[in-house]
Amino acid sequence: MHTIKLKIHDKVYKHFIWLLSKFSKDEIEIISEDDVFLKTQEELQVQLDEINEGTAEYYTIVELEERLENKITKHEGRL
């Protein structure tokens, strides 16, 4: 499978999306690059870079459970 990135002029955008909609979801998937997507992509790239550079911080299962419990406890009263 290949991924491409296109810039599409506003006046043909609807037509282009219509054309893509004629394919099945197995053939073509439209991935919107909204702000959330771009921010997530950037955060994941930073984490991947840390792993590749050997600077990533790892946790044991016990440490992870403690961190999650602390985070849940901290935010329980805010609901």
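Helices (H or I, at least four residues) and strands (E, at least two) are taken here as DSSP runs, numbered from the N terminus. With that in hand, the elements of this chain run α-α-α from the N terminus on. The model is a predicted one, where local features need pLDDT of at least 70, side-chain atom pairs count only at pLDDT 80 or more, and totals for chains, interfaces and linings use all residues. Residues are numbered from 1 along each chain as its sequence is written, and side-chain values use heavy atoms, with hydrogens and water left out.

**Overall form**
- The chain holds 3 helices and 0 strands.
- Its radius of gyration (over C-alpha atoms) is 20 Å, well over the 12 Å that the globule rule (2.2 Å times the number of residues to the power 0.38) gives for 79 residues, so the chain is more spread out than a compact globule.
- Along the principal axes, the C-alpha atoms fill a box of roughly 50 × 40 × 25 Å.

**Surface and burial**
- Of the 79 residues, 3% are buried (under 20% relative accessible area, 1.4 Å probe, protein chains only).
- About 8300 Å² of the chain is exposed by the Shrake-Rupley method with a 1.4 Å probe, and carbon and sulfur atoms supply 56% of that area.

**A nonpolar patch**
- Tyr-59, Leu-64, Leu-68 and Ile-72 form a nonpolar surface patch (residues with over 30% relative accessible area and no salt bridge, nonpolar side chains joined within 5 Å); a salt bridge is a side-chain nitrogen of Lys or Arg within 4 Å of a carboxyl oxygen of Asp or Glu.
- Together these four residues have about 360 Å² of accessible area.
- Leu-64, one of them, lies in helix α3, residues 61-76.

Terms used
Patch = residues over 30% accessible without salt bridge, like charges linked within 9 Å, V, L, I, M, F, W, Y side chains within 5 Å. Buried < 20%, exposed > 50% of the residue type's maximum accessible area, 1.4 Å probe, protein only.
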